[in-house]
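Got the model open in your viewer? Take this tour one selection at a time.

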Amino acid sequence: MRSKLYLWILWAAILVILILFPHVVGIYYTNVVVLFSIFSLYAITLNLLLGYTGLLSFGHALFFGGGAYATAIALTHIPGLPLIPAVLIGGLTAVVLALITSPLLVRVSGTAFAMLTLAFGQLMYVICLKFRNITGGEDGVGGFPIPPFTIPGVVSIDMTNPTNYYYFALIVVGLSILVIWFFTKTPFGQIIIGVRDNAQRVSYMGFKVPHTKALVFIISGGFAGIAGACYALLQNLVSTDGVLVIYMSFLPIMMAFIGGIGSFFGPICGAAILTILDELITMYTERVELVTGLVFILVVMFVPAGFTGLLASIKEKLFIKSSDQGIMEQAS
Amino acid sequence: MKSAKKILLLTIIFSFLCLLSLPQAMAGRAAFDVHKMSDMSDFDPNNPDIYTGKDAIRIGLLQIFSGAGAGNGEIFWLTCNWIAHDINKRGGILVDGKKKKVVFIKGDTKGKPADCKKAAERLILKDKCQFLWGTSGSHLTNIISQVAKKYKVIHQNSLACSDYLMDAKNFSRYTFQTFTRNSIFGQGGAYYYAKRNKEKKFYILCQDYSFGHSLADEFKIGLKKYFPEAQIVGEDYHPLFAKDFAPYVTKIKASGAEVIFSGDWLPDGGNLLKTCRDMGVDLPILNIFVDEPNALHAVGVEKTKGLVNMNHYMADLRTPERQKFFKVWDNLWRTKWKKPYNTWLYKVCGGTIAECVYSTYWLMSVIERAGSTDPEKIIKVWEGDEYEHPFGVWKMRADDHTNVRDLFISEYVPPEEQKASMTIPPYYWFKGISSIGKIITIPSKYCTPTLDPALKGRASK
């Protein structure tokens, strides 16, 4: 009962900090937090594949970038397109991309799955680079209008204001993470863990493994698309090097690994660690990727369970130690 | 008597008005004065003396400092710190009643749009820069321009050429384009070949992004205007920082072209030249940035002969001012600078390097005359401003903030013929390569940057 109360207090404190944050730290760090939240969602969608279903995707940027491009292009060409539909277009485009690629992808696993996703990701990269009349090629799509958040007759909030966009992005990302979290807690969410641990057994139990994989793939892709849409609105610019480059596929993998793929909230920790690292490293050198790459290697070698795994093991050790001591004291 | 009084009164009023306008007439146009330049003998680009105090004029230098195009960042880190060193040794610039030092702060664009935006915002919001400077790549410059507009910060477009950056759609009153525009290169290059009237078959090979496409379009417009009998025998666009030029060169070979037209900048320009020559294609390349001496040294005198370079800056050394600047720079290069600043690239302050030096001095002059870093005051001074430098006069067209200027073209010649422009001993610019020979100036009236009709008269409104 007491621990539940502590948890509520903790959540309330986090909420208060998040509400006050832009008014305390200024625009720059407000944007950093928005970027962190978007990457958190992106990393969580990847972890849905990697951590929960055991599918390592090397081409997740296909959905993130697809969503970002769809939102940017829609806002460029559809005058007066409202904000929420613009975000949903990003998500839906990613869902369509997942639907198109899943018939091939769900029939393979392991290295073949990784390579195929890599191929699809790169295909999208080249397509966007070459169709410059639509995608702007190397230049990308930028300077598109950012619509206000409008409830007709009630309110219209300017989304070019960084503080307003901060709240909007946080709500969209928060709701998306909440939906994914609920999804993992459903019976279907347990089946996908079964697919990861023993697909054959799940199949013997009567569940269709390819269909299950396809559904996870679509959900994961869809929310990655929403993350991409939010990213497009934040940057007001979408380019192949920004959203579809191979690094953007590896980034959520690094976040998930560093944070811990065994935990739902691990990727959020990973995103936070990489964001903070990025800010710190940039103060001293331009070689950010060199340092983050080194950190990634160290985590894989020495802390394979990631940050949340490390915390859990420390907690376990302390807890066992203190309970052991308690038993010894009682015995004496 | 009455009329005599009237005449006297009119004479007094007239004399008074003349006296009022005298200081303005005496001031003339702003100019770079090499004789006022500080003693630069202690300038070390490897360890620049960067002012660390808080009360400074802070300029965000946006460039590629990592990855394939990092050489670009290296160049402009030197040029900008040269200016800061000189100005700071003079005591700084008087703004808001106080002399303030100048400091350039690095922002790494990595040559990528997303990183560029992040770096620009970081410079404004975190490092509190009052000005943005840069950058290589029109697509990146457009982003910087939009960021500068959003946060109301002056942006000097010192390195991007695309005309669309200053059209009605993208125009920002906070951005000033000091760099040469594609329409100048396109028209100037076409005018040069029209007057030459020898080669008529052109092959266009440019980088596959806005700058490359825009430059090619402007060249085609120029040919139509000045050289209608010319023929485009092929047109190709390669990715930025391409790894392999062989497929493009093969197509050029088969096309029957007499001239290759390319806007490729570092490192693409050098790689294109090397591949051409390695594959036996000795055609002249009408270029802007294939003037990088290290890349030219890799192919030698014979294979660089006949390159036709269009440039923002080309000048012989006939005036004492030009000679003085040349000697100060050359002496430091020979005696003091260490790697990478002791390579051929930095031997002569010419081409884009010189362009950036003088255009940054122009910015300094504008700040000085505005007496403030307030964007509105800067805009007021810079719009319609004229600035004199060792090789001519620049004019900032008020309507679209574009630098109206002459263009220089030269056919590269072996060292023994370089005395046409290198007029002091040893009478050659470089011994191991062909370089600038006779300099042809294309006056701005033949290569006026295109003004978007929608912007015409904007400044006077």
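Select chain A and colour the rest grey. With 332 residues, a compact globule would have a radius of gyration near 20 Å, and chain A agrees with that at 21 Å (the radius is taken over C-alpha atoms, and the globule rule is 2.2 Å times the number of residues to the power 0.38). Before going further: this is a predicted model, where local features need pLDDT of at least 70, side-chain atom pairs count only at pLDDT 80 or more, and totals for chains, interfaces and linings use all residues. Residues are numbered from 1 along each chain as its sequence is written, chains are lettered from A and ligands numbered from 1 in the order in which they are written, and side-chain values use heavy atoms, with hydrogens and water left out.

Still on chain A, the C-alpha trace spans about 80 × 55 × 45 Å along its principal axes. Switch to cartoon and you get 14 helices and 4 strands (DSSP runs numbered from the N terminus: helices are H or I of at least four residues, strands E of at least two). Of its 332 residues, 48% count as buried (under 20% relative accessible area; exposed is over 50%, partly exposed in between, with a 1.4 Å probe and protein chains only). Among contacts between residues at least 6 apart in sequence, 74% join residues at least 24 apart (contact means heavy atoms within 4.5 Å).

**Two helix pairs in chain A**

Next, select residues 61–77 and 110–130 of chain A, which are helices α3 and α5. Their axes come within 9 Å and cross at roughly 30° (axes are lines fitted to C-alpha atoms, for helices over the stretch in contact, and angles run from 0 to 180 degrees between N-to-C directions). The two helices are therefore roughly parallel (angles under 35 degrees; over 145 is roughly antiparallel, 65 to 115 roughly perpendicular and the rest oblique). Show sticks for A:Leu62, A:Gly66 and A:Tyr69 on α3(A), and for A:Phe120, A:Gly121, A:Met124 and A:Cys128 on α5(A): these make the contact. By class that is 5 nonpolar, 2 polar and no charged residues (Ala, Val, Leu, Ile, Met, Phe, Trp, Tyr, Cys and Pro count as nonpolar, Asp, Glu, Lys and Arg as charged, and the others, Gly among them, as polar).

Now move to α7 (residues 162–185) and α9 (residues 209–235) of chain A, packed at about 175° with their axes 11 Å apart. That makes α7(A) roughly antiparallel to α9(A). The contact has 12 nonpolar, 1 polar and no charged residues. Residues to pick out on α7(A) include A:Phe168, A:Val172 and A:Ser176, and those they meet on α9(A) include A:Phe223, A:Ile226 and A:Cys230.

**Cysteines**

Stay on A:Cys230, which counts as buried at 0% relative accessibility. What is the closest cysteine sulfur to that of A:Cys230? The one in A:Cys128, 19 Å away and too far for a bond. Over in chain B, the sulfur of B:Cys349 is 9.5 Å from that of B:Cys356, its closest, again too far for a bond. B:Cys349 is buried too, at 8%. Over all chains the count is 0 disulfides (pairs of cysteine sulfur atoms within 2.5 Å).

**Chain B**

Zoom out and select all of chain B: 13 helices and 17 strands, in a box of roughly 90 × 55 × 50 Å along the principal axes. Of its 461 residues, 59% count as buried.

Try B:Met166, in the loop between β6 (154–157) and β7 (175–177). Is B:Met166 buried or exposed? Buried, at 1% relative accessibility. Beyond its neighbours within four places in sequence, its contacts include B:Phe171, B:Arg181, B:His401 and B:Leu455.

Then go to B:Ser214 in helix α6 (residues 210–226) of chain B. B:Ser214 is buried at 12%, and, leaving aside neighbours within four places, touches B:Ser162, B:Asp163 and B:Asn182.

**Backbone stops**

Most residues other than glycine have a negative phi, and most peptide bonds are trans. Check B:Lys339 and B:Pro340, joined by a cis peptide bond with omega about 0°, then B:Pro425 and B:Pro426, also joined in cis, with omega about 10°.

Finish on two lysines. B:Lys110 has a positive phi near 55° and is buried at 17%. B:Lys128 has a positive phi of about 55°, but is exposed at 55% relative accessibility.
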